[in-house]
Amino acid sequence: MKVLITGGTGLIGTRLAEMLIDSGYEVALLSRSPAKSNHFRSFRWDPSAGTIDEAAVPYADYVVSLAGASVADGKWTDERKREIMTSRLDGLALLARELARPGHHVRGVISASAIGIYGDAGDELVTEDTPPALPTHDFLADVSHQWELAAAPIVALGIRTVITRIGVVLSTKGGALPQIAKPMKLGAGAALGSGRQYMSWIHIDDLCRLFIAMLDDSNWQGTYNAVAPYPATNQAFTEVLAEVLHRPLLLPKVPAFGLKLAMGEMSEIVLASQNVSAAKVLGQGFRYEYPELRGALRALYGGE
């Protein structure tokens, strides 16, 4: 089976491509700069210009749509926020346009979203049936909501579509974890804000295994929370990470107002509380390799 990945040179896409190859799939990437991805067959596209290699979609049995500018790179200026939004919507619009044309044999699409859609939900356990947060008050909720709406034209074509609301992805190669671990390795680790806010996380290999399960089994359809079964508060996450890294926690919590001064609106990423249920994924029969935080972090930092 042939899988076409958008955003395939990013953190998740890179690992997913490796694991798909190991599972016997063929993989190709959609990229604005195909020369960068010389390990895999690559097709050129430019979502902002609405251009795509016309051989790309006909290549695929499945499409995994991960493309989107990182929300964690740099402050959220108006220009950056536009880029974060349009990079997601333009890519899906282009895919939907191509999938509406005859001559392809795509039987399923996995489209990324994020648990940011729930906004700051406090201690409430949120499920796939929880309504999106009001987008007027929360940029990440707005991005995630618009991202999911942009997949609706693909659903309307009758193609099996799976929406994955992805939590905090744990990897030592990028994303949030190295940024959290860096000060801790220097002896300056601390919980953020109140420390009571929930972080719903997933080990990157479990996330990729979940994607592969969704490709393999046509019973996966609709929206799923892509998170591990046991979320942790920021305080608990910080304490377990310190233990795994064999570092003391000496500093008091970093106050929320300090984070807002330093990060601006982007502080939403670390201050919002999202206690997200994995029950629907578990109900589909998926089994996590790393269901608990300590095991996940030990697997990632085992040699340190």
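**Salt bridges and burial in a predicted model**

Modeller: In this predicted model, Glu148 forms a salt bridge with Arg165, and their closest N and O atoms are 2.7 Å apart.

Colleague: What do the two residues of this pair tie together?

Modeller: Glu148 belongs to helix H4 (residues 139–149) and Arg165 to strand E8, so the pair ties together parts that are 17 residues apart in sequence.

Colleague: Why is Glu148 called buried?

Modeller: The cut-off for buried is under 20% relative accessible area, and Glu148 counts as buried because its relative accessibility is 15%. Arg165, with a relative accessible area of 6%, is buried as well.

Colleague: What makes Glu243 and Arg298 a salt bridge?

Modeller: The rule asks for a side-chain nitrogen of Lys or Arg within 4 Å of a carboxyl oxygen of Asp or Glu, and the closest N and O atoms of Glu243 and Arg298 are 3.4 Å apart, so the pair meets the rule. This pair links distant parts of the chain, with Glu243 in helix H8 (residues 234–245) and Arg298 in helix H12 (residues 293–301), 55 residues apart.

Colleague: Is Arg298 buried or exposed?

Modeller: Neither term applies, because Arg298 has a relative accessibility of 48% and therefore counts as partly exposed, a class that lies between under 20% and over 50%. Glu243, at 37%, is also partly exposed.

Colleague: Which residues are joined into one network by salt bridges that share partners?

Modeller: Arg15, Glu18 and Asp205 are joined in this way; of these, Arg15 and Glu18 both lie in helix H1, 3 residues apart, and their closest N and O atoms are 2.9 Å apart.

How values were computed: Residues are numbered from 1 along each chain as its sequence is written. This is a predicted model: local features need pLDDT of at least 70, side-chain atom pairs count only at pLDDT 80 or more; totals for chains, interfaces and linings use all residues. Side-chain values use heavy atoms; hydrogens and water are left out. Helices (H or I, at least four residues) and strands (E, at least two) are DSSP runs, numbered from the N terminus. Buried means under 20% relative accessible area, exposed over 50%, partly exposed in between (1.4 Å probe, protein chains only).
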